[in-house]
Amino acid sequence: MAGLRGKALIAWLLVCVFWGSTYLAIKIGVGVLPPFLFAGLRFAIAGGLLLALALAFGDSLPRRAEDWRTSAIVGVFLLAGGNAFVVWSEQYTPSGVASVFVVTVALWMAFFDATIPGGTSRLTWRVILGLLVGFFGTALLVGANPREILSADLRGPIALTCASASWSLGSIYAKRHPTQSSAYMSAAIQMLVGGLTVAIVGSLLGEWSQWHLTGRGAAAIVYLVVFGSIVGYSAYSYALRHASATIVGTYAYVNPVIAVLLGWAFLGEPITSRMVVAIVLTLAAVVWIQLSHQASSVVGNQSSVDSASTDNRLPRTPVSDSEAA
């Protein structure tokens, strides 16, 4: 159940390829279409299609107002605040660089979960070290020294930082406010609410006057709707049901590599030694923080067992991997 085998392995590979390639599709689309309308309509269409599919296969709409509210809030944080800023940033940032910035979502989640009351993580020295290394890695993408960083075009990096932070806050909110809706129904509502919100923002900014749907723009929308949203999300859900969440989550380490290679192959984006070092540092920080959380969980569970054993005068029992997780 924990390993990636058979169809679960295929699903994981689809997630790696399709979600890694979305940065290239976004870069192509934002080159010919206004960013917020492009992002908003993509998710509104994907959400409508996913909702129709979910209803067709027997799913039902949420019955509780709390579920609608949670899905709407998560959709705004993840898509209106998260993905929309990624799309906007790729006007000024190479697609491969954008993908590395998005990996910092794991760093932001560790930080917010430890600092916002009600979380299960602690801001230990291991986590702080991982955060510092990870953010140093992303800073290295902007410049090799403070002077280069200050003189660089910071619109893309700032937007990507806001996007990662917003996605992390939305993910934490979703984790702390579970719904009774199915994963597919929740995702559909999130896409609809987030997509329509971004489309409204684009309309208020006057982007319809810049909307000229070309073949490249239409292809980017179709690819992102079909493969980035529906197929990618379905494959991710299938892999989660048939393999360990920890193993499935390693797609996040593969996506930047695929995005960088695709940007280099199709758009001529350079791959510099500094970029490689930044990718290694950022991914190493994410792995370090995850291992730190696992170590803390094992220690915490072992302490609880030891305490119970002492109180009840019973022999100590070792904690298994499943209990620690």
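These are my notebook entries on the nonpolar cores and one pocket of this structure.

**Ground rules.** I am working with a predicted model, where local features need pLDDT of at least 70, side-chain atom pairs count only at pLDDT 80 or more, and totals for chains, interfaces and linings use all residues. Residues are numbered from 1 along each chain as its sequence is written, and side-chain values use heavy atoms, leaving out hydrogens and water.

**Entry 1, the largest core.** I looked up the largest nonpolar core (buried Ala, Val, Leu, Ile, Met, Phe, Trp, Tyr and Cys joined through side-chain atoms within 4.5 Å; buried is under 20% relative accessible area with a 1.4 Å probe, protein chains only). It has 44 residues, and Phe38, Val87, Met191, Val198, Ile221 and Tyr251 touch the most other members. At least two residues each come from α1 (6–30), α2 (35–56), α3 (65–89), α9 (183–204), α10 (215–242) and α12 (251–267); helices are DSSP runs of H or I, at least four residues, numbered from the N terminus. The top contributor is α2, with nine residues.

**Entry 2, Tyr251.** Which residues does Tyr251 touch, not counting those up to four places away in sequence? I found Trp12, Val15, Cys16, Trp19 and Tyr236, with contact meaning heavy atoms within 4.5 Å.

**Entry 3, the lining of a pocket.** Next I checked the second largest pocket (an open set of points on a 1 Å grid over the protein atoms alone, with protein on both sides within 12 Å along at least five of seven lines; lining residues have an atom within 4 Å of a point). Among its 16 lining residues, Pro94, Val97, Leu141, Val142 and Arg274 are closest to the centre. I noted that α6 supplies the largest share of this lining, three residues.

Note on methods
Buried means under 20% relative accessible area, exposed over 50%, partly exposed in between (1.4 Å probe, protein chains only). On a 1 Å grid over the protein atoms alone, a cavity is a set of points where a 1.4 Å probe fits but cannot get out, and a pocket is an open set with protein on both sides within 12 Å along at least five of seven lines; lining residues have an atom within 4 Å of a point.
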